[in-house]
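Reader: I am new to this structure and should like to understand the terms used for it. Would you explain what stands behind each of them?

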Amino acid sequence: YKGSVAGQYALDFIVRGAVVVSVLSEDRLTYIDETKMKSILKTTRMKMGLIINFSKDILEIRTVER
């Protein structure tokens with residue numbers, strides 16, 4: 001409130017100043033992961049985000065748009 005920081009995010013990567021990339025290693029991607037990415041996109045004013053999950057044999061990638 002009035003200049004206070006409400007929360008902080010640590011971004012994994014930003015590609016060409018246009019795409020936020022979040023790298024995870026979880027059992028599965030959830031709604032919370034997408035919601036967090038949408039919040040990051042809104043804060044950074046970027047339009048696209050990628051969530052990449054490395055925990056399975058097959059790479060799981062999810063695209064999120066603002």
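**Sheet, core and pocket**

Author: Let us begin with one pair of strands: in this predicted model, S3 and S4 run antiparallel and are joined by six bridges. Within this pair, Gly 49 has Val 64 of S4 as its bridge partner. A hairpin of six residues leads from S3 to S4.

Reader: What makes S3 and S4 a pair of strands?

Author: Two strands pair if at least two bridges are found between them. S3 and S4 have six bridges, and therefore they count as paired.

Reader: How do you know that S2 and S3 are paired, and in which direction do they run?

Author: Six bridges join S2 to S3, residues 48-53. The cut-off is at least two bridges, so this is a pair as well. S2 and S3 run parallel, and one of their bridges links Ser 22 with Ile 51 in S3.

Reader: Why is the pairing of the sheet called mixed?

Author: The open sheet has four strands in the order S1-S2-S3-S4, with mixed pairing. S2 and S3 run parallel, whereas S3 and S4 run antiparallel.

Reader: Which strands are called edge strands?

Author: They are S1 (13-15) and S4 (60-65), each of which pairs on one side only. On average, neighbouring strands of this sheet are turned by 25° against each other, direction ignored.

Reader: What pattern does the chain follow along the sequence?

Author: The pattern is β-β-α-β-β, and the secondary structure comprises one helix and four strands.

Reader: What makes a set of residues a nonpolar core?

Author: Its members must be buried, with under 20% relative accessible area, and joined through side-chain atoms within 4.5 Å. The largest such core has nine residues, including Val 20, Leu 24, Ile 40, Ile 51 and Val 64. At least two of its residues come from S2, and at least two from H1; H1 gives the largest share, three residues. In the chain of 66 residues, 26% are buried.

Reader: Why is the largest pocket called a pocket and not a cavity?

Author: A cavity is a set of points from which the probe cannot get out, whereas a pocket is an open set. The space in question is classed as a pocket, so it counts as open. About 180 Å³ of space lies in it.

Reader: Which residues line the largest pocket?

Author: The lining has 14 residues, and those nearest the centre of the pocket are Asp 12, Ser 22, Leu 24, Lys 36 and Ile 40. Strand S2 (19-24) and helix H1 (31-44) are the elements that give two or more residues to this lining. S2 gives the most, with five residues. By kind, the lining has nine nonpolar residues, one polar and four charged.

Reader: How do you know that Arg 16 is exposed?

Author: Exposed means over 50% relative accessible area. Arg 16 has 83%, and therefore it is exposed. Arg 16 lies in the loop between S1 and S2, and its phi is positive, about 50°, although it is not a glycine.

Reader: Is Arg 45 buried or exposed?

Author: Its relative accessible area is 70%, which is over the 50% cut-off, so Arg 45 is exposed. Arg 45 is found in the loop between H1 and S3, and its phi is near 65°, a positive value.

Reader: What makes a positive phi worth a remark in such residues?

Author: Most residues other than glycine have a negative phi.

Technical notes
Residues are numbered from 1 along each chain as its sequence is written. This is a predicted model: local features need pLDDT of at least 70, side-chain atom pairs count only at pLDDT 80 or more; totals for chains, interfaces and linings use all residues. Side-chain values use heavy atoms; hydrogens and water are left out. On a 1 Å grid over the protein atoms alone, a cavity is a set of points where a 1.4 Å probe fits but cannot get out, and a pocket is an open set with protein on both sides within 12 Å along at least five of seven lines; lining residues have an atom within 4 Å of a point. Grid points are joined across faces, edges and corners, and a volume is the space filled by probe spheres set on the points. Ala, Val, Leu, Ile, Met, Phe, Trp, Tyr, Cys and Pro count as nonpolar, Asp, Glu, Lys and Arg as charged, and the others, Gly among them, as polar. Axes are lines fitted to C-alpha atoms, for helices over the stretch in contact, and angles run from 0 to 180 degrees between N-to-C directions. Buried means under 20% relative accessible area, exposed over 50%, partly exposed in between (1.4 Å probe, protein chains only).
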